[in-house]
Amino acid sequence: MSTVEKNDKTERAERLSVFKTYKLYVGGKFPRSESGRVYEVTDSKGNWLANVPLSSRKDARDAVVAARKAFGGWSGATAYNRGQILYRIAEMLEGRREQYVREVADAEGLSKSKAAAQVDAAIDRWVWYAGWTDKIAQVVGGGNPVAGPFFNISSPEPAGVVAVLAPQESSFLGLVSVLAPVIATGNTAIVVASETSPLPALSLGEVLATSDLPGGVVNVLSGRTAEIATPLAAHQDVNAIDLAGADEVLAKELEIAAADNLKRVLRPQPVDDWAAAPGIDRMTAFLETKTVWHPTGSLGASGSSY
Amino acid sequence: MASVFEYAPAPESRSIVDIAPSYGLFIDGEFVEAADGKVFKTVSPSTEEVLAEIAQAGEADVDRAVKAARKAFVKWSALPGSERAKYLFRIARIIQERSRELAVLETLDNGKPIKETRDADLPLVAAHFFYYAGWADKLEHAGFGASPAPLGVAGQVIPWNFPLLMLAWKIAPALATGNTVVLKPAETTPLSALFFADICRQAGLPKGVVNILPGYGDSGAALVAHPDVNKVAFTGSTAVGKEIARTVAGTHKKVTLELGGKGANIVFDDAPIDQAVEGIVNGIFFNQGQVCCAGSRLLVQESIQDELLESLKRRLSTLRLGDPLDKNTDIGAINSEEQLTRITSLVEQGEAEGAERWSPACELPESGYWFAPTLFTNVTQAHRIARDEIFGPVLSVLTFRTPDEAVAKANNSAYGLSAGIWTEKGSRILAVANKLRAGVIWSNTFNKFDPTSPFGGYKESGFGREGGRHGLEAYLAPSSPEGER
C-alpha cells in the first residue's frame, strides 16, 4: 500500500466499498435466478466473496430460448461483422483488465502476476478467434471436383445452439477458450460457469453486453453444473454440448442424454495448459458441412475457342 | 397406362455370377463358420428364392474378428501410405473388372434394378476406392495435422439399401488412413460384402485388415460395444443411431452416424417443369425410395401445383416395375417383407389421416415384395407421412406460397440430410440453400453422389461426413491440444 492511501485512512473514516450483485446474463439482460436461490462463493482460502445465482432448470430453458432466438441473426451476420464484435470483446476486456486480474487471482488463488498472465492470454484468445471468423470456411470448406457435369461446394455452417460447460479449474482463460470458438463460427451459446469460481464468468457477461454482441448470443448461468447441465443435455432444441466442465461420471450421463436428439458432443479433453495454442478443433466440433450441388451444363465437347 | 409399344424382355444373364450354397464369416483372411454354428438365409426379394445360407456372427465371432483386426493393425498402420494406396488401387481395379458380376449379384440380393447397380452403384464403388487410394500417401496434406494417425480397429455397420456402395464408403477411407476393419453387412444383403472378401484376397490384402461378419442387429450391437473397437461407423436408422450414441457414451470411441432423412424437394414456379419432374422421380423412386437422402417431401409452389402434378402423374405412368434383372426395369422389389410391411402400414396411416393416395396403373408380380410408386396429395405438415421416414417409393406433396414458407416447411423436420431446389434463378438457389438446414443440397438435380463430395446430415440425420477430404477426419486421431495440426 502506498503512503498516500495510509494517510487517507488515518485522516478519514474507512470507506465502505460497494458490493456487486452478481447476476446471470440471459438474452442480453441480467436477471436473477428465477428460483430466487443463491449460493456462497469464496476465494481459494475460503473467504466469502459474493452470493451468486443458483440457476434452476427453468433458467437453463430460458437461456435456450434466448440462444435460439439469437441464432438466426448471429449465424446470418457476415463473418467480418462477427470478427469485429469478437475483437470488440477483447477491447472491452482490456479496459477492465485490472478487475479480471483481481477476480481470477481470488478465484484461483493465483499471484497477481500469474492471474494477469491468464487474463492477458484470455484477451489475446478473443483476438485470435476474431481473426478466424472469416477464414475458417476457406480452411475447412472447398469446391469438389466431381466426375460429371456438376459442380458442388462444401461450406461449414454453425451447428446451432451449443451448451458449454466451462472448465471447473480455469475460471476465466478456460472459459474463454471454450466459449470463443463456439460463437466465432456463428453458433449461439449457453455457458455454465465454473461451479466454485463463477465470478469471472458472470463479470464477462457485463463485457459481452457492451461489446455489440447481440443479446442471447451468449448466455451465462451460474450454479451447480450437474443440475444445470442435465436439462441442457436433454433439451430437444440444443444442437450440441461441450462437456469440458463435466467429470467422467457426469460426462457419460450427459452424453447418454444428448443421444436423444443426436446432439453433437465434445467430450472432455485433457488440457494441461489452457494458455497453449488451441488449434481449430474446438471450432470444427460445432460446425456442420453443407454440400450444395448444381449442374454445370456443357458448352460442347470442344469448349469455347480463345 | 398401357404403352403404345410393348417392351420385349431384356434380362441380364445371371449366369455371370456363381453363388455358393453357403458362406462363412470372413475373419483373418479365412472363411469360417460361426462359433455357435448359427446360420441364416438370404433371399432374392424379387422372387423370394433362397440364394444362400450365411453364417451368422455372434459375440464370440465379433471378438475373434476384432482380435484379428487388432493384430493386423500393427503392420497395416506402419505400412508406408504409398503401399496402402497400391492395395486400394488394386481393389478399385478388381471391382471394375468384376463389376458386371457384382451388379448382377447386388440386384439378386437386394432387389434393385440392374440399371441402377450397373450404372450407379458399381461405378461409384470403384470410384470411392480409387479416390481414397489416392489419399493414403497424402494424409499429411489433408489438413488434419502434419502426422495424422489412424485410430485402430474400425467397427462398421452398414444397411441393405446400397450394400456394396456403403461398404466402399466405410472401408475405403478406413484403410487409406491405416485403420483395420470389422464390417457387418445387413442380414438381408450379405452377399456382395462376402464377394468383396474374395476381392481382398485377389488383391493380396494382408490377413485381418478387412473382416466381414454377416449377421442381424445383435451382431452389430456387439461390434459397436466391443471394448477394443476404436471407431464406430454406422449407416442406418435414426433409432439405431441413437442407441449407438448411448452405447459409446463415456468411451473414447470416435463415432460417425449416417441416419435417416425426410428430404424436401422444393419446386419454385419458375422451375423447368420437365426437368423438375425427372428430378422428383429420381429423388423418390430411385432405389425404390429406399434412400436416406430421398426427396420424400415434395414442396411445390402453389401456383404450379396442378401443372406439375399432372406432368408428374403422366411420368409415373411410364415407369416400369418388375424383374430387377431386366435392363428396362425402373422400379425393382422392396428389399424385404419386413420393409414392405412397414411401408404398407405408413401408407395406410397416411390414408387414414386424410391424405389423398394415387398410384399409376401398375401390375405387381405375384411373388416377391413389391410396392407401386405412390403419391400423396393434400398432405399437411402434421401428417405422419410428412414427418416420418417411409423408406419406400412414397412421395408426400405439400405446397407453399413464398420462399420463406418453403424454407420454414423444409426445415420443419427432426432430420436434416438432404434437400432439392428447383428454380431458374441462381440467386434464389443460393439464398434458399443458405437457409436450409441440411447437409446435402441439390439444385436443379437430385440424388447425385461423388467420392470427392462430403455427404452427411444435420440434426437427427447423424454426425460426421463421408466422402471427400472431410471423410478422412472420421478415421484420424484428434489433434493434440497444443495445436500441432
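1. S418(B) is buried in this predicted model, with a relative accessible area of 6%. The cut-off for calling a residue buried is under 20% relative accessible area, so S418(B) qualifies. S418(B) belongs to strand 17 of chain B, which covers residues 418-422.

2. What does the side chain of S418(B) reach? Its partner is the backbone oxygen of C293(B), at 2.7 Å. C293(B) also appears among the residues that S418(B) touches, once residues up to four places away in sequence are set aside. The others in that list are G263(B), A264(B), A294(B), A438(B), V440(B), W442(B) and F446(B).

3. W442(B), one of the residues touched by S418(B), lies in strand 18 of chain B, where W442(B) stands opposite W293(A). The pairing here crosses between the chains: strand 10 of chain A (residues 287-295) and strand 18 of chain B run parallel and are joined by three bridges. A reader following the contacts of S418(B) therefore comes, through W442(B), to a residue that pairs with chain A.

4. Strand 10 of chain A has a further partner within its own chain. Strand 4 of chain A runs antiparallel to strand 10 of chain A, with nine bridges between them. Within this pairing, F151(A) has H294(A) as its bridge partner. Strand 4 of chain A, residues 150-158, also pairs with strand 3 of chain A, residues 142-144, in the antiparallel sense over three bridges. N144(A) is matched there with N152(A). Strands 3 and 4 of chain A make a hairpin, with five residues between them.

5. The contact as a whole takes in 39 residues of chain A and 50 residues of chain B. About 3,300 Å² is buried between the two chains, and 50% of this is on carbon and sulfur atoms. On the chain B side, the residues that lose the most area to chain A are R246(B), R437(B) and Y458(B), which together account for 15% of what that side buries.

6. How many salt bridges does the rule find across the interface of chain B and chain A? There are three. R465(B) and E288(A) meet through their side chains in a salt bridge, N to O, at 2.9 Å. The polar contacts between chain B and chain A come to 26 residue pairs, both residues at pLDDT 80 or more.

7. Several elements of chain B give two or more residues to the side that touches chain A: helix 8 (238-247), strand 10 (254-258), helix 14 (426-435), strand 18 (440-443), strand 19 (458-459) and helix 15 (470-473). Helix 8 of chain B supplies the largest share, five residues. By residue type, that side of chain B holds 19 nonpolar, 17 polar and 14 charged residues.

8. Chain A has eleven helices and ten strands. The C-alpha trace of chain A spans about 95 × 45 × 35 Å along its principal axes. Of its 306 residues, 52% are buried. Among contacts in chain A between residues at least 6 apart in sequence, 76% join residues at least 24 apart.

9. Why is helix 8 of chain A described as largely enclosed by the rest of the structure? Nine of its eleven residues, which run from 199 to 209, are buried. They are L199(A), P200(A), A201(A), L202(A), S203(A), L204(A), G205(A), V207(A) and L208(A).

10. A251(A), in helix 10 of chain A (residues 248-258), is buried, with a relative accessible area of 6%. Apart from neighbours within four places in sequence, A251(A) is in contact with L243(A), A246(A) and P268(A). A226(A) lies 25 residues from A251(A) along the chain, and their C-alpha atoms are separated by 9.4 Å.

11. Chain B also contains an open sheet of three strands in the order 1-5-4, with mixed pairing. Strand 1 (22-23) and strand 4 (39-43) of chain B are at the edges, each with a single partner strand, so one side of each has no neighbour in the sheet. Strand 1 of chain B pairs with strand 5 of chain B (residues 50-55) in the parallel sense over two bridges. In this pairing, the bridge partner of S22(B) is E53(B).

Terms used
Residues are numbered from 1 along each chain as its sequence is written. Chains are lettered from A and ligands numbered from 1 in the order in which they are written. This is a predicted model: local features need pLDDT of at least 70, side-chain atom pairs count only at pLDDT 80 or more; totals for chains, interfaces and linings use all residues. Side-chain values use heavy atoms; hydrogens and water are left out. Contact means heavy atoms within 4.5 Å. Buried area is the accessible area (1.4 Å probe) that two parts lose on being put together, summed over both. A salt bridge is a side-chain nitrogen of Lys or Arg within 4 Å of a carboxyl oxygen of Asp or Glu. A polar contact is a pair of N or O atoms within 3.5 Å; within protein, one must be able to donate a hydrogen and the other to accept it, and residues adjacent in sequence count only if both atoms are side-chain atoms. Helices (H or I, at least four residues) and strands (E, at least two) are DSSP runs, numbered from the N terminus. Ala, Val, Leu, Ile, Met, Phe, Trp, Tyr, Cys and Pro count as nonpolar, Asp, Glu, Lys and Arg as charged, and the others, Gly among them, as polar. Buried means under 20% relative accessible area, exposed over 50%, partly exposed in between (1.4 Å probe, protein chains only).
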